[in-house]
Amino acid sequence: MTTLDYLLTSCIGAAATARMTRLMHVPAELCDAPGNGDATVAVTRAEIAYAMNVLLFRDLLERVPEGKAYTEDAVASGRRVFFDHGAVRSVKIAANGQLPCGEAAITRFLAPLGYRLNENYPLPRLKMMGRAYVHADLPEDIPQFFVSELEVERFSPEFQAAVGRVVASSVDPLDARDLDLLKELEARRSLPLADAVTLLQSLVRCFARQHDVPALDDYELLLKESQEMAWIATEGNAFNHVTDRVPDLHALSAEQQQLGRSIKPAIEEAARGTMRQTAYRAAQVERVFRTPNGCVVRRVPGSFYEFISRDRVRNADGEEVLDLGFDSSNATAIFKMTSADGAAATMAKAA
């Protein structure tokens, strides 16, 4: 049993761990580290980061049926999913309950896990800023994080007030012990095995809605100005999407269309021509809202599953590396997959 196996088994059990490691590409560097439950083993930040991503990938598959069906096809055909990146949304507002403002709610633990900022991606049409974080130790093999931040101050006063009401009740899933472990991890780049398991379980709880059930009136007000903020109102910091890195995106897109899945008919290609993206539309989920007369349930967009292909390029030193960049235009188009009207309109074009 590797250290990675032990971390995952401690969280989800042996059977689920075997399924996930059979499904996903695991970096070779993480396949050679024996764990066997030895409490003295030092667990590296790369092992903790990758284990966290496996758990988040698994969680999203349970919330996105088409993504789960796709991965079942992959296993049946002997392929492994290469988890390229995950995406999470945040709100830039000082009064964020117990949570830090904006992306700091996420980046406060990405840095100790070994992530560094790779590039900024302004999303002016959405009034958001996107930032890509890459892992310093294994940049091509450990999934990146694409963290977007809604710039609340760019919206109307009514919108800002509604955001404040929605997020004011946010709780912090990390306690003082977790924060101490993050400081230790950042300083030493590793943790004892038992502490690594404790921290991992806490980190996974960060990817959820941390605020109370939103009021329907607030949700509808947010929806008029920002479908992205409306999504955050119901889903919070849950993984917005996970992304499979594939060698031939055009072939995959054609295959998924033939299977009748809700894949975006157009492939988004970066201006530089070395990165391409497409996605399924968001799963529809039922969420509870508060009203003056009690709670009601509505169907709203949830998370989705994305695909990407990347080319190898020459860097400034003349070395051949994988293009790990993103594209603001692509990202804006992909955001539409969680838009209640945008995703439906996108799919209508394929009919």
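Two residues are said to be in contact when heavy atoms of theirs lie within 4.5 Å, and in this predicted model that criterion shows how helix α2 packs against other parts of the chain: the buried residues of α2 pack against α1 (3-12), α3 (45-63) and α4 (65-76). Helix α2 spans residues 14-23, and its buried residues are A16, T17, M20, T21 and L23. These residues cover an arc of only 160° around the axis, which puts them on the same side of α2. On the other side of the helix, by contrast, A14 and A15 are exposed.

One of the helices met by α2 can be followed down to a single residue, T71, which has its place in helix α4. With a relative accessible area of 4%, T71 is buried, because buried residues are those under 20%. When its neighbours within four places in sequence are left aside, T71 is in contact with L23, F57, L61, V81 and Y305. Of these partners, L23 is also one of the buried residues of α2.

For the protein chain as a whole, the secondary structure comes to 13 helices and 14 strands. The radius of gyration of the chain is 20 Å, close to the 20 Å that the globule rule gives for 351 residues, so the chain is as compact as a globular protein of that length. Along its principal axes, the C-alpha trace spans about 55 × 50 × 45 Å. Of the 351 residues, 55% count as buried, and the accessible surface comes to about 14400 Å², of which 51% belongs to carbon and sulfur atoms. Among contacts between residues at least 6 apart in sequence, 72% join residues that are at least 24 apart.

Eight of the strands form an open sheet with mixed pairing, in the order β3-β4-β5-β2-β7-β12-β9-β8. The edge strands of this sheet are β3 (115-123) and β8 (268-269), each of which pairs on one side only. Strands of a sheet pair through backbone hydrogen bonds, and they may do so in either a parallel or an antiparallel sense. Within the sheet, strand β2 (residues 83-92) and strand β7 (residues 241-245) pair in the antiparallel sense over four bridges, and G86 stands opposite V242 in β7.

Strand β4 can be described from both of its neighbours in the sheet order. On one side, β3 and β4 pair in the antiparallel sense over eight bridges, with L117 standing opposite Y133 in β4. The hairpin of β3 and β4 has four residues between the strands, and in this hairpin K127 takes a positive phi near 55°. On the other side, six bridges join β4 to β5, and these two strands also run antiparallel; the bridge partner of M129 in β5 is E149.

In a regular strand the side chains alternate between the two faces of the sheet. In β4, M128, G130, A132 and V134 point one way, whereas M129, R131, Y133 and H135 point the other way, and all are buried. Strand β4 is accordingly described as mostly covered, with eight of its eight residues buried.

Helices lie across several strands of the sheet. Helix α3 lies across β2, β3, β4 (128-135), β5 (144-151), β7 and β12 (304-310), and it runs at about 130° to β12. Helix α10 (residues 227-235) lies across β2, β4 and β5, running at about 95° to β2. Strand β4 is thus among the strands crossed by α3 and among those crossed by α10.

A further pair of strands is formed by β10 (residues 284-291) and β11 (residues 294-301), which pair in the antiparallel sense over eight bridges. A hairpin joins β10 to β11 through two residues, and Q284 stands opposite P301 in β11.

Finally, a loop residue illustrates how positions separated in sequence can be brought together in space. A168 is found in the loop between α6 (157-167) and α7 (176-188), and at 48% relative accessibility A168 counts as partly exposed. The C-alpha atoms of A168 and A95, which are 73 residues apart along the chain, are separated by 6.3 Å. When neighbours within four places in sequence are left aside, A168 is in contact with A95 and G97.

Terms used
Residues numbered from 1 in each chain as written. Predicted model: local features only at pLDDT ≥ 70, side-chain atom pairs only at ≥ 80, totals over all residues. Heavy atoms only, no water. Buried < 20%, exposed > 50% of the residue type's maximum accessible area, 1.4 Å probe, protein only. Arc of directions from axis to C-beta. Pairing = 2+ DSSP bridges. Axes fitted to C-alpha atoms, helices over the stretch in contact; angles between N-to-C directions. Rg over C-alpha atoms; globule rule 2.2 N^0.38 Å. Areas by Shrake-Rupley, 256 points an atom, 1.4 Å probe, with all protein chains shown as cover.
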